[in-house]
Amino acid sequence: MAFPDNRQWHEECGVVGFYEVDHAATHAFMALQSLQHRGQQGCGIAAVHPDGSLGLHKGAGLVKEVFKKETIDSLPGTSCIGHVRYPTTNVGGQENLQPFLYTSREHPFALAHNGNIVNAERVKSYLEKRGHLFHSTSDSELFADLVGSNLHGGDWHKAIAQAVRLLDGAYATVILTPHALFACRDRYGFRPLSLGRMGNGYVVASETCALDTVGATFVRDVEPGELLAIDARGVHSTFLARTGSHCMCAMEYIYFARPDSVIEGCSVHAFRRRSGVLLQAEHPAPADLVTCVPESSMSAAIGFAEASGLPLEMGLIKNMYVARTFIQPTQSMRDVGVRMKLAAVPSIVRGKSVAVIDDSIVRGTTSRILVQMLRDAGATAVHMRIASPPYAWPCFYGIDTGTRDQLLAADRTVEQIRDFIGADSVEYLSTHALLEASGRTQLCTACFDGNYPTDLYQDN
Ligand code: SF4
C-alpha cells in the first residue's frame, strides 16, 4: 500500500445535505470548502432541479477547482447533497467520486457517504452472483445498489433499512430523492453527522464547522443507527439498528476534525487542549519552550504549555502552499517533501531544549526528519510528546494508514521508537487520559489497542 505522503493519516471524506434551502448548491459549495480538510482528491454536488429531476457535477480536485459559477448555476433548486473525497478504499479513480446518481425512471436518487463498509466485499460478491453490476470500487455504489434494488413501490424507509441491515462498518450517509433528504449513521457511531436548521430548511453535515460556515443553527447530532427523513412534513427519526455501543472515532477528536467543530457535545479544540494538559501531567518535559507540529497539534500544545508554564513558541512553521496530495515515489523525495512543508525556526530553537507536541506518529519518518531539522537549527534537545497513545493497529473504518507492518509502534517499544526518530525522549498520552479529555466513557480506540468494535470479515 503506497502512501501519498509520509506525514500522517489520510482524511476520510465529508458529506453535506440541504433540504429546502435557497441557493442550496451555493451553500453546499461553501460547506464543502469548510470540510476540505477531510478530503482533497475530489468532490461533487447532486441537486434536485425545479422540475424534480436530479443533476450532478463532480470532478477531481479541490472544491474551488471543481466548481465554478457556471457549474453551480447548473444545479438550481433548494435541495442537494455534496461530498469531498479522500480515496478511503485506496483507489483514486474518477468513477469513485461521489455523490452517486442512481438513475431509475421511477425512483431516481443520489447518495454519498463517508467511512468504510467492512463487509462490502462479501455483500458485493453475493449481489454479483445474482446479476448486479458494479462500475466502481466505492462502497457508496454498493449502498446505492442495495437501496435502489429494494425500492419496491417507492418505500424509501424500507429500502434504506434493508441496506443498513446488510451493511456493517463505519459510515455517515446522505441520500437525496426528488422529495426528501435522508441522513443516517452506522450503528456504532464511528463518523460524526450533525443536523442544523437554516431558515425553513435543514442542513446535515459531517462537522459543525460546515453548519457555522453557511449560517445554520446546530440542532443536534444524528445518533448511531438513526435514520432521519427530512421532507415537507419536517424531520422524522427512526432507529434502524442499535448496538448499545457508541464508538466515535477517537482520531476525529485527535486529528481529523477542525478545531472549531463540536462533536457529540465536545469541542474539538477543548478536547485537544485538555489532552495537552493531561499529557503534560503524565509526561512533563525538561524543556525551555513548547512548540507544535503545525497545525493539528496546536490546541494540544497550548494545553501542554499552559500546564507546564513553559512558553509556547513557533519553533516549526508550515508552508501552506504545498499540495497535500503530492505523491512522492521514493523515500528521499518524501523526505524532501516534508522539508518543503515544514521548517524549523533557528532564531527560536537555537540553544534551547524543545518540547515538540504532535497529535500522533504513524510511520515515524516525518517525526525523524522534524527532530533532525530542529537539531540542525540549533536545538540542544528535542523531547517529543504525543497527544494520543501509540498507533499500532490499522484502521478498517475509512482511514488509510497502511498495514500493520508499516506502523512504527506495531512492534516497537517506546524506547525503540525514540531511537528510530532520534529524539532525546518520546512519551505518549495514555488511553485513560484520552477518554478523560473527551469526557466520554467510550470511543473507538482500535488503532491504539486493536479492539475493533466490528467483525472485520477477513475471510473475504
Ligand atoms: S481504528 Fe482508529 S482511526 Fe479507525 S475509527 Fe477507530 S479510532 Fe478512528
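Two strands count as paired if DSSP finds at least two bridges between them. With that in hand, strand β9 (residues 194-198) and β11 make a good starting point: four bridges join them, and the two run antiparallel. One residue to look for is S194, whose bridge partner in β11 is D221. Keep in mind as you explore that this is a predicted model.

**The sheet around β9 and β11**

Both strands belong to an open sheet of seven strands, ordered β3-β2-β4-β1-β10-β9-β11 and paired in antiparallel fashion. At the edges stand β3 (54-60) and β11 (217-221); each has a single partner strand, so one side of each is left without a neighbour in the sheet. On average, neighbouring strands here are turned by 15 degrees against each other, direction ignored. As general background, strands of a sheet pair through backbone hydrogen bonds, either parallel or antiparallel.

Helix α1 (residues 24-34) lies across several strands, and its direction is about 25 degrees from that of β4. The table lists the strands it crosses.

| Strand crossed by α1 | Residues |
|---|---|
| β1 | 14-19 |
| β2 | 42-48 |
| β4 | 80-85 |
| β10 | 201-205 |

**The whole protein**

Stepping back, you will find 16 helices and 21 strands in the protein. Its radius of gyration is 22 Å, close to the 23 Å that the globule rule gives for 460 residues, so the protein is as compact as a globular protein of that length. Along the principal axes, the C-alpha atoms fill a box of roughly 70 × 45 × 40 Å.

**Two domains and their contact**

The domain assignment gives domain 1 (14-246) and domain 2 (271-449). Their C-alpha centres lie 34 Å apart. Where the domains touch, 13 residues come from domain 1 and eight residues from domain 2. On the side of domain 1, β6 (109-117) and β7 (169-176) each supply at least two residues, and the largest share, three residues, comes from β6. What classes of residue make up this side of domain 1? There are three nonpolar, 10 polar and no charged residues.

**Around the ligand**

Finally, have a look at the ligand. The residues around the ligand are F190, C249, A250, M251, C395, Y397, I399, C444, T445, A446 and C447. Two helices, α8 (250-256) and α16 (446-449), each supply at least two residues of this shell. By class, the shell holds 10 nonpolar residues, one polar residue and no charged ones.

Technical notes: Residues numbered from 1 in each chain as written. Predicted model: local features only at pLDDT ≥ 70, side-chain atom pairs only at ≥ 80, totals over all residues. Near = placed C-beta within 6 Å. Nonpolar A, V, L, I, M, F, W, Y, C, P; charged D, E, K, R; others polar. Domains from an automatic or database assignment. Contact = placed C-beta atoms within 7 Å. Axes fitted to C-alpha atoms, helices over the stretch in contact; angles between N-to-C directions. Rg over C-alpha atoms; globule rule 2.2 N^0.38 Å.
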